[in-house]
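Work through these exercises with the sequence and the model side by side. Try each task before reading its solution.

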Amino acid sequence: SELEALLEESYLIKQHQPYYNRQIKNFRTFPFLKISMQQQYPRISITTEIEQDDALYFGPYQRKRHLSGLIESLSKVFQLRDCSDSMFKKHQRRGVPCLAYEVGRCSGPCVRQISTEAYRMQTEEIIQFLEGQGSGLTQRMIQQRDKYSEQMAFEKAKQTQDRLIELLKLQTNTHFLTMAVHQNHLVIALPDREFPRQLVLYVYKGRPILKQVFDPRDDRVESVLERVRMLQHMIQANLEDKRDVIQQRELEEIRIIAHWLRYHQPDPQIQIWRLSETEFNVFESIEQYFGQRPIDWTQDSPLLQQA
């Protein structure tokens, strides 16, 4: 299938490293925004490694150098610290805030200028924004811009407008692949080369972990359900075990599947089930789908004739 071909191409390019093909060879350089939720005062930073350490990751981005400006924009609006842990402790001991606090880019948690609860609220606000739920913040920034304009403070109004544009661009760029990494637990059924066989892909955290060719003439539906239960168990286990690591080499597969899903929904030839830690009612749908003979789309079906 097309999806198999794209994944196979990615695998072969990483295996053989063709000299003139740079498209996928640069996969190791993809940076992420990281918010260290495991800390009392979470910080925002840049990383190229994703670990299941209770931190949240947003991205990936194409260029690491672009993120410095993005973090600056985020800091101006959300005032989350971006200093290293050693620098944070240094200012804690001295009781003197850093320059970021002086210029309004940090709320000063190192010198207790903000409570832990208020800082957490700021952190949740930036997370909601990066996850595409920032309509409230957007509205407040628009109101602030208009207020500055009414007060004839045009320079501040222009600064607010520029920040708003930067953050909207950031939100658009991060939301797509972030959700692919954190939420794409899928079962995908595709027509195989031989009718009535079906190719079944099992996707965990946006990356394929298992492939199965299902032939309704010989295979039992239970063979699919067993693998779905295994995937469901992995999702459940991840809620308690945070040691799983998404390797950089898997990012290209995550991107391929995310884009493929984007451009193949809806498609009458493809069946997709989304799984979650609380969703169990898909089993009935999967059992019903594989329990009946799939439509032969390669023949003169009424739908094809109609199209």
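Helices (H or I, at least four residues) and strands (E, at least two) are DSSP runs, numbered from the N terminus. This is a predicted model, in which local features need pLDDT of at least 70 and side-chain atom pairs count only at pLDDT 80 or more, while totals for chains, interfaces and linings use all residues. Residues are numbered from 1 along each chain as its sequence is written, and side-chain values use heavy atoms, with hydrogens and water left out.

**Exercise 1. Place Gln-198 in its strand and describe its surroundings.**

Solution.
- Step 1: locate the residue. Gln-198 sits in strand E6, which covers residues 198–204.
- Step 2: find the pairing. Two strands pair if DSSP finds at least two bridges between them. E6 and E7 pair in the antiparallel sense, over 7 bridges. Opposite Gln-198 in E7 stands Phe-214.
- Step 3: judge the exposure. Buried means under 20% relative accessible area, exposed over 50%, partly exposed in between (1.4 Å probe, protein chains only). Gln-198 counts as buried because its relative accessibility is 5%.
- Step 4: look for a polar contact (a pair of N or O atoms within 3.5 Å; within protein, one must be able to donate a hydrogen and the other to accept it, and residues adjacent in sequence count only if both atoms are side-chain atoms). The side chains of Gln-198 and Tyr-289 make one at 2.9 Å.

**Exercise 2. Work out the order of the 4 strands in the open sheet that holds E6, and name its edges.**

Solution.
- Step 1: read the order. The sheet runs E7-E6-E5-E9, with antiparallel pairing.
- Step 2: find the edges. Strand E7 (207–214) and strand E9 (271–274) each have a single partner strand, so one side of each lacks a neighbour in the sheet.
- Step 3: add the twist. From one strand to the next, it averages 15°. Axes are lines fitted to C-alpha atoms, for helices over the stretch in contact, and angles run from 0 to 180 degrees between N-to-C directions.

**Exercise 3. Trace the sheet of 3 strands and the helix across it.**

Solution.
- Step 1: order the strands. This open sheet reads E2-E1-E4, and the pairing is antiparallel.
- Step 2: name the edges. Strand E2 (44–47) and strand E4 (56–58) each have a single partner strand, so one side of each has no neighbour in the sheet.
- Step 3: check a pair. E1 and E4 share 3 bridges. Ile-35 has Leu-56 as its bridge partner in E4.
- Step 4: add the helix. H5 lies across E1, E2 and E4, at about 150° to E1.

**Exercise 4. Compare the burial of Ser-107 and Ala-118, then list the polar contacts of the Ser-107 side chain.**

Solution.
- Step 1: place both. Ser-107 lies in the loop between helix H4 (99–102) and H5. Ala-118 is in helix H5.
- Step 2: give the separation. They are 11 residues apart in sequence, and 9.8 Å apart in space, C-alpha to C-alpha.
- Step 3: assign exposure. Ser-107 is buried at 8% relative accessible area. Ala-118 is partly exposed at 28%.
- Step 4: list the partners. The Ser-107 side chain reaches the backbone oxygen of Gln-79 at 3.2 Å. A polar contact of 3.5 Å joins the side chains of Ser-107 and Gln-122.

Terms used
Contact means heavy atoms within 4.5 Å.
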